[in-house]
Structures are given as structure tokens and as C-alpha cells.
Amino acid sequence: MPVPPAWVRFVLRRVLRGVLVLFALSLLAFGLVHMLPGSPVDTLAGPYSDAATRARLTTDLGLDKPLPVQYVTWLSNTLRGDLGTSVFNGLPVREMIGERLPNTLELAVFATIISVAWGVPAGALSAMRRGRAVDVTARTVTFVGLAIPVFAFGVALVLLFSILFPAWPTLGFVPFSEDAVRNLQSMLLPSIALGLPLGSTLCRFMRSSMLEVYEQDFIRTALATGSTQLQATMRHGLRNAAAPVATVAGLQMAGIVGNSILIENVFAIPGIGQLTVTAITHLDIAVAQACILVLGATYVVLNLAVDLLLPLIDPQIGKDR
């Protein structure tokens with residue numbers, strides 16, 4: 001039997017790993033939601049309901065069945081694209097997530113652009129000017145960025161812009177289809193709140209990766225043959241330092257989707273993060289399970305995309321693994 005090419009085995013391993021992670025995530029999402037104190041029956045029935053009403057609601061929601069049966073039923077429905085119905089507003093969960101997921105992804109894309117736009121150049125410049133004022137300044141800024149929690153930075157931005165620029169929309173969200181300018185304005189602050197602190201990690205990885213590249217023979221050869229440090233960096237350094245930085249950038253974009261739970265609630269953005277918190281608060285089991293699964297699936301898909309793109313940056317990766 002012919003052995004598949006190395007890149008095919010590489011892709012199959014990554015896809016299989018992603019499927020296993022999603023299965024584990026489904027168990028985690030189902031288990032965590034059912035560990036929450038209270039029951040949606042308590043909320044729906046009210047404090048003065050009788051036993052018959054509570055029993056009927058329990059049966060209608062399928063909560064009278066054993067947990068393994070509930071899990072298998074939920075997973076099989078999810079695989080068919082049926083995420084259930086919200087117990088509070090009666091809307092299909094798939095429809096609710098479909099309305100909010102684009103807002104979360106828009107926020108993640110803008111925040112990633114901001115983090116890469118300042119983190120990568122700052123890290124490369126810091127490595128080129130190692131030990132000088134630029135390097136010290138960059139390391140100090142990244143230290144502050146890593147030390148401040150994302151949500152605290154977001155609250156500080158809201159307060160600062162509310163005082164200095166009262167006309168700026170610090171809270172709320174305007175869909176791009178309604179007003180493109182207002183949409184970009186409403187996304188700027190949350191994107192900065194997510195992108196600047198996470199760019200600190202990129203800056204440090206870029207600096208570390210570039211310093212390792214500068215120790216390689218091909219950089220020394222380029223410098224010995226008359227290239228300036230900037231020319232050697234642009235021609236040889238950035239490409240060789242890109243693989244680990246691209247990995248971190250991909251992981252950070254996935255992490256931004258997770259951090260959206262905090263930022264969307266700070267800036268009142270109707271995304272998956274805000275929907276997750278609302279569903280957990282109201283014990284809306286179907287919505288909470290689906291939101292956790294979608295956030296995790298987004299994380300897995302983005303990681304898989306990064307893994308599949310890495311061989312394009314460094315062909316040795318697909319051959320070695």
C-alpha cells in the first residue's frame with residue numbers, strides 16, 4: 001500500500017487532533033453547564049409553582065432523563081445542525097448565534113490586526129537595537145501590556161474617552177450594514193483593548209526569534225559580504241523568524257475570541273461572549289452549551305488553520321512532523 005506524502009499525513013494528523021479536541025470540548029461544555037447551581041425549571045416555573053407544573057416543565061426540557069442520555073441526544077442534534085431552542089425567548093439557538101458570531105469575528109480580526117501591526121515591527125526593531133533606548137522602551141511597554149488585565153484596560157479606555165472625547169461612541173454597537181463609519185468607531189476601542197495587550201506577547205516573541213536568527217551563520221555571512229543590518233533583516237531575518245511568531249499570532253487570534261467574553265460585556269457589543277454570559281446567568285442551557293462549543297470550535301479551527309499554513313512559511317515543518 002503506497003504511503004501518503006508527508007504533507008498529507010501532516011494535514012490528516014492535524015484534522016484528527018482537531019476532531020478529538022472538539023469531542024472533548026463537547027463533554028466539557030455539557031458537563032460545565034449542568035454543574036451550574038439551580039435549574040431553568042426554577043426560573044420558568046417561578047417561586048409559587050406547584051409540583052405538577054415543575055414536573056411538566058422538567059419533562060418538556062428533557063431534564064428528567066439520565067445525563068448520558070441527555071448528552072447523546074444533544075450531541076446527535078448538534079451534529080445535525082440543531083442546536084436547540086432558547087427556553088426564554090423561544091428562538092432557535094442557531095439563529096441567535098448566527099446573528100452574533102459575525103460581530104465577535106469582526107472584533108477578533110480588528111484586534112489581531114492591531115496586535116500584529118505594532119507587536120511585530122516593535123519586536124523586530126527592539127532586536128535590531130538591542131540594549132539601546134528603543135529596546136528598553138519596547139520591553140517596558142510590553143511589560144505593562146502583559147501586566148494589565150484586558151478587561152481593566154477596556155474599562156480604563158471607556159473612562160478616558162468618555163472624559164476626553166465625549167462625542168466618541170464608547171459603548172454600544174452599530175452594524176456595518178447600517179453605518180460603516182459608526183461601526184468602525186464602535187469597534188475601535190474594544191479592538192485596542194484586546195489588541196494592544198496581546199501585541200505585547202507578539203513583540204516579545206518577535207524580539208526573541210529575531211535575536212536567535214541574528215546568531216545564525218547566514219546572517220553573519222550577509223553582514224560580512226556588505227549588507228547592512230536592515231538589509232540582512234529584511235532579506236533573511238524576517239522570513240526565518242516568522243514561523244514561531246505566526247504560530248503565536250494564530251493562537252492569539254483564537255485567544256481573542258475567548259477574551260471577547262470580557263470585552264463584549266465591557267463595551268456592550270452583542271457578540272457570542274455577551275450571549276454566553278447572559279445564557280449562563282439565566283441558566284439557558286441550550287444557548288450556553290452551544291456558545292461554549294462555538295467559541296471552542298472557533299479556537300480549534302483557527303489553530304488548525306495556523307498549523308496548515310506553517311508549512312508554507314517553513315517547508316521543513318511539514319516534513320519533520
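## A threonine in helix α11

T278 is partly exposed in this predicted model, with a relative accessible area of 39%. Its place is in helix α11. Between T278 and N265 there are 9.6 Å in space, C-alpha to C-alpha, and the two are 13 residues apart in sequence.

Other residues of α11 are buried, namely I272, G273, Q274, L275, T276 and A279. The value for T278 lies between the limits of 20% and 50%, and T278 therefore counts as partly exposed rather than buried.

## The chain as a whole

The chain holds 13 helices and 0 strands. Read from the N terminus, the order of elements is α-α-α-α-α-α-α-α-α-α-α-α-α. Along the principal axes, the C-alpha atoms fill a box of roughly 85 × 70 × 35 Å.

Of the 321 residues in the chain, 39% are buried. Among contacts with a separation of 6 or more, 75% are between residues 24 or more positions apart.

## How α11 packs against α5

Helix α11 covers residues 272–281, and helix α5 covers residues 93–128. Two packed helices are described by the angle between their axes and the distance between the axes. For α5 and α11, the axes come within 8 Å and cross at roughly 130 degrees. An angle of that kind falls outside the ranges for roughly parallel, roughly antiparallel and roughly perpendicular, so the two helices α5 and α11 are oblique to each other.

On the α5 side, the residues that meet α11 are M96, I97, R100, L101 and T104. On the α11 side they are I272, G273, Q274 and L275. By type, the residues of this contact divide into 5 nonpolar, 3 polar and 1 charged. The four residues named from α11 also appear among the buried residues of that helix.

## Two positive phi values

Most residues other than glycine have a negative phi, and most peptide bonds are trans. A268 has a phi near 55 degrees, a positive value in a residue other than glycine. A268 is found in the loop between α10 (229–266) and α11. With a relative accessible area of 33%, A268 is partly exposed.

L283 also has a positive phi, near 55 degrees, and is likewise a residue other than glycine. L283 comes just after α11, in the loop between α11 and α12. The relative accessible area of L283 is 15%, and L283 is buried.

## M253 in helix α10

M253 lies in helix α10 and is partly exposed, with a relative accessible area of 22%. Leaving aside residues up to four places away in sequence, M253 touches A108, V109, T112 and L302. A108, V109 and T112 fall within the residue range of α5, 93–128. L302 falls within the range of α12, 285–313.

M253 and L275 are 22 residues apart in sequence. In space they are 20 Å apart, C-alpha to C-alpha.

## L293 in helix α12

The place of L293 is in helix α12. L293 is buried, with a relative accessible area of 14%. Residues up to four places away aside, L293 touches L22, L25, S26, A29, W74 and T78. L22, L25, S26 and A29 fall within the range of α1, 6–34, while W74 and T78 fall within that of α4, 67–79.

L293 and F23 are 270 residues apart in sequence. Their C-alpha atoms are 9.7 Å apart in space.

## The largest pocket

Rolling a probe the size of a water molecule over the atoms shows where empty space is left. The largest pocket in the model has a volume of about 490 Å³. It is lined by 20 residues, and the closest to its centre are L61, G62, W74, A286 and Q289. The elements that give two or more residues to the lining are α1, α4 and α12.

Helix α4 gives the most to the lining, with 4 residues. By type, the lining residues divide into 9 nonpolar, 9 polar and 2 charged. W74, one of the residues closest to the centre of the pocket, is also touched by L293.

Conventions:
Residues are numbered from 1 along each chain as its sequence is written. This is a predicted model: local features need pLDDT of at least 70, side-chain atom pairs count only at pLDDT 80 or more; totals for chains, interfaces and linings use all residues. Side-chain values use heavy atoms; hydrogens and water are left out. On a 1 Å grid over the protein atoms alone, a cavity is a set of points where a 1.4 Å probe fits but cannot get out, and a pocket is an open set with protein on both sides within 12 Å along at least five of seven lines; lining residues have an atom within 4 Å of a point. Grid points are joined across faces, edges and corners, and a volume is the space filled by probe spheres set on the points. Ala, Val, Leu, Ile, Met, Phe, Trp, Tyr, Cys and Pro count as nonpolar, Asp, Glu, Lys and Arg as charged, and the others, Gly among them, as polar. Axes are lines fitted to C-alpha atoms, for helices over the stretch in contact, and angles run from 0 to 180 degrees between N-to-C directions. Angles under 35 degrees count as roughly parallel, over 145 as roughly antiparallel, 65 to 115 as roughly perpendicular and the rest as oblique. Contact means heavy atoms within 4.5 Å. Buried means under 20% relative accessible area, exposed over 50%, partly exposed in between (1.4 Å probe, protein chains only).
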